[in-house]
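Here is a short tour of a two-chain model, written to be read with the viewer open. Take a moment to load it, and then let us walk through it together.

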Amino acid sequence: MRKLLLVSLSIYSLLSLSSCQTMESATTLATAIGQGAGVISASQADSLRKTAKAVSRSAEEFTSEQEYYIGRAVGAVVLGKYSAYDQRAVNAYVNVIGQTLAQASDLPAIFGGYRFLVLNSDEINAFATPSGLVFVTRGLLRCCRNEDALAAVLAHEIGHIQLRHGMQAIEKARVTEALTTIAAEGAKTFGSREVAALTETFGGTITDITGTLINKGYARSSEYGADQAAVTLLKRVGYDPNGLVEMLNVMKKNLKADGLDFAKTHPAPDDRIAEIQKKGPAYVAVPTPAPRQARFLKALGKI
Amino acid sequence: MMRRGKSILVMVFVSLYVVFSGFADTPKTMSVQVREGQLRITPSFLAEIIAKPAYGDRVEIIQDKGPWKKVVNRGVQGWMHISALTAKNIVLKAGAANVQTSATGSEIALAGKGFSEEVEKQYKNLNRNLDYAWVDRMEKFQVSPKQMQAFLKEGSVMPAEGALK
């Protein structure tokens, strides 16, 4: 009789502890909070922490609020390097398309919301922060001949956010370091020494992301993944996925071989087109309804 | 003895059922993990927003429809997208009375801790070549569901059925 009860109890506890990593982080955090709130002593806290198996931490453990601050800083770095294209009508047009696309993505709700901004640069470039800030250069907008092509550019960037490529660019050791510091902080009020340490880790995190975003570029597979996400998104909203192919064909002509932009950080447009067409139908010219083309030319005709 | 054994077996199965069914479903209460939640009248992003639950608010889930959850927040019923919610209990004020009770079981996230406004301030002070002014301006670029609807209609952009739902 007792055995039966024990069996059912152990099955129950096994099931409830199915995720070791979650349990470990919960233990660390709960321990720190318990200690901070004065429920347990320092030595008790220490032994509790030791019993929870140490495992490496994952970037997914950052809360949406922390991702927001990471994204803001990445955005501030991008805007320190590039200046904004301060044209209200242009940015409003880009935002209504971008934000509508984002709502149809698999990650529509994000802490501070999706926001788009045009950068005053001839480079062919775009950046997406983990918090939903998306930047596109005038040079990249010049590769778009219709609204469907512009939607494709924005959908590709939303694809990077949805697939969390930015957060994955943070070095693993840094993720563990940051999350451990944050967990140990618990419910205590932070002292200036801890704030300084955390700021240093924060700075490293931002450097990891911007280094990939601006200099190194993502892996080819990530770029193809973002293209695939873009195709799905365009179809959902009602834009023609061939807009992406048309944009890439113009980009091919506009890219300079020695450029420090997409020429350096992205697979060649021809390779991207080939990859898109492997999984989709053959190219057919994008039919653009007159009012759609008229508003596109009004907003971006002189970009 | 036989009867006792049977009734215990039944108990075991009942408890297993409870555990498994609990795993299959979304938790009954979840927390809002975005700065300003959007409670909508129907499960669609083009639907009217009837309330804006705050970050950390607990909502009760009363119905599931794909990625959409029908919830109750402060007495108001409406639909929220799953990406706006987390199973974690978001504790808004560190050291507050609810920290002790919530530390016992469920996973917790402390709002305003870790990479926070305070850390951002320090980071700004240490790095001169940053432009946060434009980041702040960007955050004000808001587009309402009504504007989205009108824009799609004007350009004859027709969402696939259910795409924005």
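## Loops, helices and a shared contact

Arg164(A) sits in the loop between helix H7 (147–162) and helix H8 (165–168) of chain A. Helices here are DSSP runs of H or I with at least four residues, strands are runs of E with at least two, and both are numbered from the N terminus. Before going on, please note that this is a predicted model, in which local features need pLDDT of at least 70 and side-chain atom pairs count only at pLDDT 80 or more, while totals for chains, interfaces and linings use all residues. Residues are numbered from 1 along each chain as its sequence is written, and chains are lettered from A and ligands numbered from 1 in the order in which they are written.

Arg164(A) is not a glycine, yet its phi is positive, near 60 degrees. With 14 other C-beta atoms within 10 Å, Arg164(A) is partly exposed. A residue is buried with 20 or more other C-beta atoms within 10 Å of its own, exposed with 12 or fewer, and partly exposed in between, the C-beta atoms being placed from the backbone.

Chain B offers a similar case: Ser156(B), not a glycine either, has a positive phi of about 50 degrees. Ser156(B) lies in the segment after helix H5 (145–154) of chain B. A third loop residue, Gly217(A), is found between helix H10 (192–216) and H11 of chain A. The table gives the neighbour counts of these residues.

| Residue | C-beta neighbours within 10 Å | Class |
|---|---|---|
| Arg164(A) | 14 | partly exposed |
| Gly217(A) | 16 | partly exposed |
| Ser156(B) | 12 | exposed |

What does Gly217(A) contact, leaving aside its neighbours within four places in sequence? The partners are Thr212(A), Lys264(A), Thr265(A) and His266(A); a contact means that two C-beta atoms, placed from the backbone, lie within 7 Å. Leu179(A), in turn, is 38 residues from Gly217(A) in sequence and 25 Å away in space, C-alpha to C-alpha.

Now look at helix H14 (residues 269–279) of chain A, where Pro269(A), Arg272(A), Ile273(A) and Ile276(A) are buried. These residues cover an arc of only 100 degrees around the axis, so they are on the same side of H14(A); the arc is that of the directions from the helix axis to the C-beta atoms. The buried residues pack against helix H11 (220–237) and helix H12 (242–254) of chain A. Asp270(A), Ala274(A) and Lys278(A), on the other side of H14(A), are exposed.

Between the chains, the axes of helix H4 (residues 64–81) of chain A and helix H3 (residues 117–126) of chain B come within 10 Å and cross at roughly 20 degrees. Axes are lines fitted to C-alpha atoms, for helices over the stretch in contact, with angles from 0 to 180 degrees between N-to-C directions. H4(A) and H3(B) are therefore roughly parallel, a term for angles under 35 degrees. Tyr69(A), Arg72(A) and Ala73(A) of H4(A) make the contact with Val119(B), Glu120(B) and Tyr123(B) of H3(B).

Finally, the chains as a whole. Chain A has 15 helices and three strands, and 49% of its 303 residues are buried. Chain B has five helices and nine strands, with 28% of its 165 residues buried.

Methods:
Angles under 35 degrees count as roughly parallel, over 145 as roughly antiparallel, 65 to 115 as roughly perpendicular and the rest as oblique.
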